[in-house]
Amino acid sequence: MKTQIKFQKILSLLTLIVAAIAFVYSLCFFSGNLSDLMWYKGVDQSDMFNGADNFIYLAQGMINSMVYMCVVYFVVIAFIYITSTNSRRNYYITNYIMVGIVVAYALMIAIYGAIMLAMLMSSFYGMDWAALNEYYEINEPIGAPEVSQSPVIFIIGMIVYVIVLINAVAWIYNLIWKIKLMKGEKELLSKGFVKEVA
């Protein structure tokens with residue numbers, strides 16, 4: 001049981017770190033290359049910039065939603081500590097509920113994030129890049145930035161959301177492990193043994 005309790009304490013801390021990583025990623029989404037794309041927002045230059053505007057609009061919606069979701073996730077994680085789900089030897093109904101909420105919320109963040117990133121990648125690569133690069137070459141002297149088609153920010157996002165998903169799976173594993181140990185301990189106690197199960 002001591003090993004499992006140590007695992008759930010580490011898992012609780014890792015969950016907080018994972019939530020922080022997802023939060024920071026959301027805030028930094030428009031850093032680097034994508035921040036240069038903001039220069040082209042609202043440029044009155046035919047329909048070729050509709051793609052840029054649509055991408056920026058979609059991305060800002062995703063960022064706003066993800067920031068709010070991460071803030072709520074921090075509150076959920078706080079309740080892990082308030083209900084002692086991180087350190088309790090035996091789980092009670094509140095602990096089961098908390099694990100369920102943590103898993104459900106992590107899955108929601110991972111699935112929503114992955115879907116939005118797929119949509120954003122489609123929008124990003126669907127822009128009229130030939131026209132945008134031509135406009136850049138003409139307007140470089142007045143400060144138009146060059147925007148590359150680097151997929152790095154999207155790859156980082158997918159990694160972040162896979163980590164969130166793995167964290168949710170780890171909580172499920174932790175719960176199954178806890179239930180087995182609690183059941184084993186009860187059986188030992190019912191037989192008059194006091195030896196602790198692993």
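Helices here are DSSP runs of H or I, at least four residues long, numbered from the N terminus. With that settled, Tyr96 sits in helix α4. One caution before going on: this is a predicted model.

Let me start with the whole chain. The protein chain has six helices and zero strands. Read along the sequence, the pattern is α-α-α-α-α-α. The radius of gyration is 23 Å, and the globule rule gives 16 Å for 198 residues, so the protein chain is more spread out than a compact globule. The box tells you about the dimensions. Along the principal axes, the C-alpha atoms fill roughly 85 × 25 × 20 Å.

Now burial and surface. Of the 198 residues, 42% count as buried. The protein chain exposes about 10,600 Å². Carbon and sulfur atoms supply 69% of that area.

Contacts next. Take the pairs at least 6 apart in sequence. Of those contacts, 83% join residues at least 24 apart.

And charge. There are 12 positive and 12 negative side chains. How far apart do the centres of the two sets lie? The answer is 41 Å.

On to individual residues. I'll begin with Asn95. Asn95 belongs to helix α4, which covers residues 93-125. Is Asn95 buried or exposed? Its relative accessibility is 0%, and the cut-off for buried is under 20%, so Asn95 counts as buried.

What does the side chain of Asn95 reach? Two backbone atoms. One is the backbone oxygen of Thr83, at 2.9 Å. The other is the backbone nitrogen of Tyr92, at 2.9 Å. Setting aside residues up to four places away in sequence, Asn95 touches Thr83, Ser84, Thr85, Arg88 and Asn90.

Ser84 is on that list, and I want to stop there. Ser84 lies in the loop between α3, residues 50-82, and α4. Its phi is positive, about 60 degrees, and Ser84 is not a glycine. For background, most residues other than glycine have a negative phi. At 24% relative accessibility, Ser84 counts as partly exposed.

Back to Tyr96 in α4. Its relative accessibility is 29%, so Tyr96 counts as partly exposed. Beyond the neighbours within four places in sequence, Tyr96 is in contact with Tyr91, Leu175, Ile179 and Met182. Three of those partners deserve a second look: Leu175, Ile179 and Met182. Helix α6 runs over residues 152-190.

Now a long distance. Tyr96 and Asn139 are 43 residues apart in sequence. How far apart are they in space, C-alpha to C-alpha? 59 Å.

Further along α4 we find Leu107. Leu107 has 30% relative accessibility and counts as partly exposed. Leaving aside neighbours within four places, Leu107 is in contact with Leu165 and Ala168. The C-alpha atoms of Leu107 and Phe124 are 25 Å apart. Those two are 17 residues apart along the chain.

Next, the other end of the sequence order: helix α1, residues 2-28, which holds Ser26. Ser26 has 1% relative accessibility, so it counts as buried. Which residues does Ser26 contact, leaving aside neighbours within four places in sequence? Ile63, Met66, Val67 and Tyr161. Ser26 and Met62 are 36 residues apart in sequence. In space, C-alpha to C-alpha, they are 8.3 Å apart. Set that beside the Tyr96 and Asn139 pair, at 43 residues and 59 Å.

Last residue: Pro151. Pro151 is in the loop between α5, residues 129-139, and α6. Pro151 counts as partly exposed, at 32% relative accessibility. Its C-alpha is 18 Å from the C-alpha of Asn54. Along the chain, Pro151 and Asn54 are 97 residues apart.

To recap. The protein chain has six helices and zero strands, and it is more spread out than a compact globule. In α4, Asn95 is buried, while Tyr96 is partly exposed. In the loop before α4, Ser84 carries a positive phi. That's my tour.

Terms used:
Residues numbered from 1 in each chain as written. Predicted model: local features only at pLDDT ≥ 70, side-chain atom pairs only at ≥ 80, totals over all residues. Heavy atoms only, no water. Helix = DSSP H or I, 4+ residues; strand = E, 2+ residues; numbered from the N terminus. Rg over C-alpha atoms; globule rule 2.2 N^0.38 Å. Buried < 20%, exposed > 50% of the residue type's maximum accessible area, 1.4 Å probe, protein only. Contact = heavy atoms within 4.5 Å. Areas by Shrake-Rupley, 256 points an atom, 1.4 Å probe, with all protein chains shown as cover. Lys, Arg positive; Asp, Glu negative; His and termini not counted. Charge placed at Lys NZ, Arg CZ, Asp CG, Glu CD. Polar contact = N/O pair within 3.5 Å; in protein donor to acceptor, adjacent residues only side chain to side chain.
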